[in-house]
Amino acid sequence: MSLQEIPSESFRERSIPVLETERLVLRAPRLGDAKSVAVVANDRRIAENTARIPHPYRVADAEDFIATANLGNEAVFFITLRNGVLIGACGFAQIDRHPPEVGYWLGVKHWGKGYATEAVRAVIDHTFTDLDCDAIHSSARVTNPASRRVLQKCGFQWTGAGLLRIRAISSSAPIDRFRLDRGLWASLKSWGAAKRIVA
């Protein structure tokens, strides 16, 4: 893709809605976020539990990620606290006719506070509300029980095991695969919808 074919940052930012939850704001990445993302994501524990995050994670890695985020069939949101502090990322990608695949990560000091569950629920709501899909997939490393708990609290059901290439370890690792069907999501809506802000 040439530079002329890459939509401007402001265009891409406008095409991704802002999602608000009780404690969080999920918004499109901005190039000005690169330093903050590099600080938060530069932890081996994060990289080893995601497919694409390298370790060490430098500002240049963050800039490359932001420059290409939201170009194809994906929606990437940076997760911020209400005061604007960036704490992680969440989003989904859809390849061909397969159901969207949800992924997420949080800075280590924000683990165990329920932020991941809150963010994933907002992205699930956005995905089922705005896309014509009957299901959403996700996965978690078998050595990451906290991530599996997030998916289970969001209604995902275990569908089997597999392998996923993990960039940070230059190898494949065992994962658990999960699926959330639209019908189950509709019955779980008691968690409360995220508020969508139209820019």
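Hi everyone. A salt bridge is a side-chain nitrogen of Lys or Arg within 4 Å of a carboxyl oxygen of Asp or Glu. Keep that in mind as we look at this structure, which is a predicted model.

By that rule, the count comes to seven salt bridges. Let me start with the one between the side chains of E118 and R23, where the N to O distance is 2.8 Å. This pair links distant parts of the chain, with the two positions 95 residues apart. E118 sits in helix 5, which covers residues 115-130, while R23 is in the loop between strand 1 (18-20) and strand 2 (24-27).

Now, is E118 buried or exposed? E118 is buried, because its relative accessible area is 15% and the limit for buried is under 20%. R23, at 29% relative accessibility, counts as partly exposed. So here a buried acid meets a partly exposed partner.

What else does E118 touch, once we leave aside its neighbours within four places in sequence? The contacts are T21, E22, R23 and L24.

Let's follow L24 for a moment. Beyond its own sequence neighbours within four places, L24 is in contact with several residues, including I79, L81, I87, E118 and A119. L24 is also among the residues with the most contacts inside the largest nonpolar core, which has 33 residues. Others on that list are L26, I79, Y104, V120, I124 and F156. In soluble globular proteins, nonpolar side chains tend to be buried together.

Which element gives the largest share of this core? That is helix 5, with eight residues. Among the other elements supplying at least two residues each are strand 2, strand 3 (74-81), strand 5 (101-106) and helix 6. There is also a second, separate core of 16 residues, and A38, V40, Y57 and W105 are included in it.

Back to the salt bridges, with two more to find on your screen. The side chains of R148 and D176 meet at 3.5 Å, N to O. They too link distant parts of the chain: R148 is in helix 6 (residues 145-153), D176 is in strand 8 (residues 171-181), and they are 28 residues apart. D176 counts as buried, at 12% relative accessibility.

The other one joins the side chains of R179 and D181, at 2.7 Å from N to O. Here R179 is partly exposed, with a relative accessible area of 31%, and D181 is partly exposed as well, at 36%.

Thanks for listening, and do go and find E118 and R23 in the structure, where their side chains form that salt bridge.

Note on methods:
Residues numbered from 1 in each chain as written. Predicted model: local features only at pLDDT ≥ 70, side-chain atom pairs only at ≥ 80, totals over all residues. Heavy atoms only, no water. Helix = DSSP H or I, 4+ residues; strand = E, 2+ residues; numbered from the N terminus. Buried < 20%, exposed > 50% of the residue type's maximum accessible area, 1.4 Å probe, protein only. Contact = heavy atoms within 4.5 Å. Core = buried A, V, L, I, M, F, W, Y, C linked by side-chain atoms within 4.5 Å.
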